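Subject: Structure for you to look at

Hello,

Here is the structure I promised to pass on. Please open it alongside this message.

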Amino acid sequence: MEEETNKVTINIKKMGSARPRQLQIPSTIKVSDLRRLVGSEVNLPVERLKLFLHGAVLQDIKSGCEMHVNLNEGADSLLAVVAPKPPAKHIQDREADDEDDLRFKLPETAPQWEKNLVFLLQNKLRVPDVLLMAIFSVSLKTWALIFLWFIMAPVAYRWDLGPIYILTTAFSLIFFNLGQRRQGDASAYSIFNDGYRELPGTLNAERLDRDIRAGQF
């Protein structure tokens, strides 16, 4: 520690303590030396001790240079705060794994243009990962259809076909999302099955009547 001829008395306020303490120190001192003096005075761990002066934290080193602080008699007060201990390493690793799981990632077999697009949206534009998952869960063909729909919507409006355009879109969505049954699979709706066969466990009026007569209600 550098020897200083001019010394000042400052107040040290410890976080959580009602009464400040007074400490006589050189008027100009290294921040690292000041932290050691304050830590020994108020019995706080130096490695986790943070000092605040005029609302700003004092840094030991800034831009590769050791920092000094100039203190004034009776005008300056220090606030001593102990930073919380970091979590255990296995907890940090678990949190890091959880964050990685929540990060959107393309499969390794994805085209290079998709990887470049994700890098641009994720790192440059800061698009949330949830939104990226929603965007890339839709196929390129579907995006093309959505884009075409918005192009054709003003045309339908101009020709006074807006309601028909909306209804056609709704029925198309229903029709193309019905799916296909494999050979031998039964539909949930008995009207589509051979002999109107129902699925096991189907609840209908006949089933209720049979249960009531059997005394199960």
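Below is what was found, going from the sheet to the pockets and then to two loop residues.

Please keep in mind that this is a predicted model.

The sheet

Start with the open sheet of five strands. The strand order is β2-β1-β9-β4-β5. The pairing in this sheet is mixed. As general background, strands of a sheet pair through backbone hydrogen bonds, and they do so either parallel or antiparallel. The edges here are β2, residues 21-26, and β5, residues 56-57. Each of these edge strands pairs on one side only.

Look next at the β5 edge. Its partner is β4, which covers residues 49-53. β4 and β5 run antiparallel to each other and are joined over two bridges. Leu53 has its bridge partner in β5, namely Ala56.

A helix also belongs in this picture. α1 packs on the sheet. It touches β1 (7-14), β2, β4 and β9 (77-82). The direction of α1 makes about 150° with that of β2.

Arg35

Which helix holds Arg35? Arg35 sits in α1, which spans residues 31-42. Is this arginine buried or exposed? Arg35 has 15% relative accessibility, so it counts as buried, the cut-off being under 20%. Set aside the neighbours within four places in sequence, and Arg35 is in contact with Val46, Glu47, Leu49, Leu51 and Asp60. Two of these contacts, Leu49 and Leu51, have numbers that fall in the 49-53 stretch of β4.

The largest pocket

The largest pocket has a volume of about 510 Å³. It is lined by 14 residues. Closest to its centre are Leu145, Ile146, Ser172, Leu173 and Phe176. Which helices build the lining? α5 and α6 each supply at least two residues. The largest share comes from α5, with seven residues. By type, the lining has eight nonpolar residues, five polar and one charged.

The second largest pocket

This pocket has a volume of about 220 Å³. There are 13 residues in its lining. Glu114, Ile135, Phe136, Val138 and Trp143 lie nearest its centre. Here α3, α4 and α5 each give at least two lining residues. α3 gives the most, with four. The lining divides into 11 nonpolar residues, one polar and one charged. α5 thus appears in the lining of the largest pocket and in that of the second largest pocket.

Two loop residues

Two residues stand out for their backbone angles. Arg126 has a phi near 55°, a positive value in a residue other than glycine. Where is Arg126? Its place is the loop between α3 (112-124) and α4 (129-136). Arg126 has a relative accessible area of 64%, so it is exposed, the cut-off being over 50%.

Asp160 is the other one. Its phi is positive too, at about 55°, although Asp160 is not a glycine. Asp160 lies in the loop between α5 (140-158) and α6 (162-176). Asp160 counts as exposed because its relative accessibility is 67%, and exposed means over 50%.

To go through this on screen, begin with α1 on the sheet. Then turn to α5 and α6 for the largest pocket. Finish at the loop that holds Asp160.

Best wishes

Terms used:
Residues are numbered from 1 along each chain as its sequence is written. This is a predicted model: local features need pLDDT of at least 70, side-chain atom pairs count only at pLDDT 80 or more; totals for chains, interfaces and linings use all residues. Side-chain values use heavy atoms; hydrogens and water are left out. Buried means under 20% relative accessible area, exposed over 50%, partly exposed in between (1.4 Å probe, protein chains only). Contact means heavy atoms within 4.5 Å. On a 1 Å grid over the protein atoms alone, a cavity is a set of points where a 1.4 Å probe fits but cannot get out, and a pocket is an open set with protein on both sides within 12 Å along at least five of seven lines; lining residues have an atom within 4 Å of a point. Grid points are joined across faces, edges and corners, and a volume is the space filled by probe spheres set on the points. Ala, Val, Leu, Ile, Met, Phe, Trp, Tyr, Cys and Pro count as nonpolar, Asp, Glu, Lys and Arg as charged, and the others, Gly among them, as polar. Two strands pair if DSSP finds at least two bridges between them. Axes are lines fitted to C-alpha atoms, for helices over the stretch in contact, and angles run from 0 to 180 degrees between N-to-C directions.
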